[in-house]
Amino acid sequence: MIDQNTFVAEYADRRRILLLVLLGAMATVIGKAVDLQVMETDVLQRKAEMQYVSAVSISAYRGNIVDRHGEPLAISAPVHSVWVDPQRFVTTGQQRHALARLLDVSAKRLDELTPGKSRRRFVYVRRRISPSLQKEVAALKLPGVFFKREYKRYYPAGEVSAQLVGFTNVDDVGLEGIELAFQKTLNGIPGRKKVIRNGKREVVADLERADNPVPGEDVQLSIDQRFQYIAYRELKAAYIKHQARAASLVMLDARNGDILAMVNQPSFNPNTVRGRDRGRFRNRAITDVFEPGSTMKPFAVACALEQGTLSPDTVIDTSPGTFRVGRNMVRDMHDYGALDVAHILQKSSNVGISKLALSLSPESFLGCYQQLGFGQLVGVGFPGESSGRLLGYGKLRPFEQATLSFGYGLSVSALQLAQAYTALANDGEMLRARLIRDEYIEPAVRVMSADTARTVRQMLEQVVSEGTATNAAVRGFRVSGKTGTVRKVGEGGYSNDRHLAIFAGIAPASRPRIVMVVVVDEPGESEYYGSLVAAPVFSRVTGSVLRLLGIQPDREQSMSLVRVTQDGSI
C-alpha cells in the first residue's frame, strides 16, 4: 500500500514537471511571436501581400487613325473581357450552359475550367465583349467569373479603307496595313496598380497606382475619306461588272504628292476578319507589281524630247505596221502609216514608240526611267511595299529597249506609276508620294524640263479627246491620260486571254489637281481593254472629286453646260 506522504511528493513532482513544460512551451511561442513580429516583420508583410495584395495591369488607349480632315478610320472603345478563376468556378451544368450560350463558347470548354479539372487561377473565356453582353453575363452572378476592362478596335470606314488601314489582333497588336506599320506609334504603354483582394480573390480596394497608362499617339493619313469612298464605289462597280480577278486605284494630289485615295478589290470588313481569305488583306496598289504597257509611252516620248533626238513635229513611218528588231518583231494593231509624235501616242503605236526609243542611247533611255523612280521603293512606309523591277544597263539590248518603251520588260506598282505621272502634271518636277499627313514633304525632283512636261501633257489631251481614251473624258474638264492593255505572263509566254486593263490620267489638264492610276486585273473576255474597263472608272471618280473640290471647268465649250455651286455640287 502506497504511503500517503510518498503519493503527495510524487504528485508535487509531476505538477512541477508539467508546469515547467507548459512554461517552456509558452516561452517558445512568445519567443517565436516576438521573432516574427519584431525580427521578421518584412517577411510577414511580404507573405501577406502575396496573399491579399496583387498588381493589376491597366490597358492603355491605342491611338486613332484619321484621315486628312480628322475623320476617324480606326478608333478604340472601352469594353470588358470575361475571365474565370477555375478554383472558384463552382457552378452547375445548367449555369455553365447559360454562360456558354451567352458568350458563344462551348460548354465543354467551361466544364474543363471547374475545380479539380484545372489548377490555373486565370483563364480568358471571351475577349472584348459589348457592354450589353457584359451586363447579361454579370446578371448570372456566377462565382469565379470576373471582368477585365480593355479596349476594342473599331473601323468606321469598314471595307472602304480596309487594306490601307489594316487591323489588329485580340491583343491590340497591328497585323496589317497602317496598324502594323505604325504599331509603336499607335500602341500605348499599359499601366499598373496595386489592389487588395479578399479571400475570394475579389478586388475590394485600390492601394496605389504604380504606373499610369500612356495612351498611344494618333496617326493622320493624307487620304480624304470622301474621295476614298467615291473611288471605292466606282472601282467595286467595275470589278463586279467585268468579273475581274482584282483591281486597284491610286489618286495623288498633283500639287504636293499626297495620296488622296487608295482602294482595292476584293475588299473585306476589318471589324469581322475571322475566316477571311488573306489575299483580300493585301494593299495591291503598293504591294503588287505588273507590266504597265502603253501607259509608259508618254515617258519614252519625254525622254526623246529631252535628249533632242526629235521634236513634236517629227514624223515617223510606222508602215507596214511591223518593225523588226534583231530576230524579234514589234507589231501594231493596224498599219498607221506616217505619224507625228502626238499621233503615235494617240494611236498607241508600238512601232512608232519603238523607233523613237531606239533613237536614244541605252544609257540615257534607262537613266530617264530611273529618274522617274522605276525599280525603286517609293518609301511611304507601308509594309510589303514593292520596288518593282527595271533592267540594268548590261541587259538592255535593242529589243529590250524597244519593249521598255511600250511597257513590257519592267514591273511597277500602281503607286509607282502614279508618282511618275506627277512629273507630267507638275511641269517636270516629280513629287514624292506621301501617305502620312505630318511627315516631312520631300522636295520635288526635276526629271524633265517644264516645256517637255507641258508638251507631253498636251499630247495626252488628244489621246482622251480623240484617241484610245475617250471614255476617260470628264464633262467640262480637260483631261490628259493614257490607256494600257497588257497581256499577262503565263506558262509558255504571254497569255492571249488574261489581261490587265490600265489607265493613268491627269485632271484638269490646264492646272492639274489630281493624278490617278486605275488597274483592273483580268477583266472578262468580252471587254478587257484599258479604254473600256479602266478609263470609265477614272472619268466617274474624277468628275465627282473635282466637283467636291469646287474646281471650275477648264473646257470652254462645255462650261455653259455645267454649273458648279459654292459647295461643289452640280
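At what angle do the axes of helix 11 and helix 13 cross, and within what distance do they come? In this predicted model, the two axes cross at roughly 35° and come within 9 Å. Below is a quick tour of that helix pair, the nonpolar cores and an open sheet.

**Helix 11 and helix 13**
- Helix 11 covers residues 297–307 and helix 13 covers residues 350–357; the crossing is left-handed.
- On the helix 11 side you'll find Lys297, Ala300, Val301 and Ala304, and they meet Asn350, Ile353 and Leu356 of helix 13.
- Sorted by class, that contact has 5 nonpolar, 1 polar and 1 charged residues.

**Nonpolar cores**
- The largest nonpolar core has 130 residues, and those with the most contacts inside it are Leu249, Met251, Phe299, Tyr369, Phe374 and Leu415.
- Helix 16 (residues 414–425) gives this core its largest share, 9 residues.
- Setting aside neighbours within four places in sequence, Met251 is in contact with residues including Phe227, Asp258, Leu260, Ile514, Met516 and Val545.
- Another core lies apart from the largest one, with 17 residues, among them Phe89, Leu102, Val123 and Val137.

**The open sheet**
- This sheet has 5 strands in the order 10-9-19-18-17, with antiparallel pairing.
- Strand 10 (259–265) and strand 17 (480–490) are the edges, so to speak, each pairing on one side only.
- On average, neighbouring strands are turned by 10° against each other, direction ignored.
- Strand 17 is joined to strand 18 (residues 493–507) by 10 bridges, and Val489 has Tyr494 in strand 18 as its bridge partner.
- Helix 9 (residues 225–241) packs on the sheet and touches strands 9, 10 and 19, with its direction at about 30° to that of strand 10.

Terms used
Residues are numbered from 1 along each chain as its sequence is written. This is a predicted model: local features need pLDDT of at least 70, side-chain atom pairs count only at pLDDT 80 or more; totals for chains, interfaces and linings use all residues. Side-chain values use heavy atoms; hydrogens and water are left out. Axes are lines fitted to C-alpha atoms, for helices over the stretch in contact, and angles run from 0 to 180 degrees between N-to-C directions. Helices (H or I, at least four residues) and strands (E, at least two) are DSSP runs, numbered from the N terminus. A crossing is left-handed if the near helix is turned anticlockwise from the far one by less than a right angle, and right-handed if clockwise. Contact means heavy atoms within 4.5 Å. Ala, Val, Leu, Ile, Met, Phe, Trp, Tyr, Cys and Pro count as nonpolar, Asp, Glu, Lys and Arg as charged, and the others, Gly among them, as polar. A nonpolar core is a set of buried Ala, Val, Leu, Ile, Met, Phe, Trp, Tyr and Cys residues joined through side-chain atoms within 4.5 Å. Buried means under 20% relative accessible area, exposed over 50%, partly exposed in between (1.4 Å probe, protein chains only). Two strands pair if DSSP finds at least two bridges between them.
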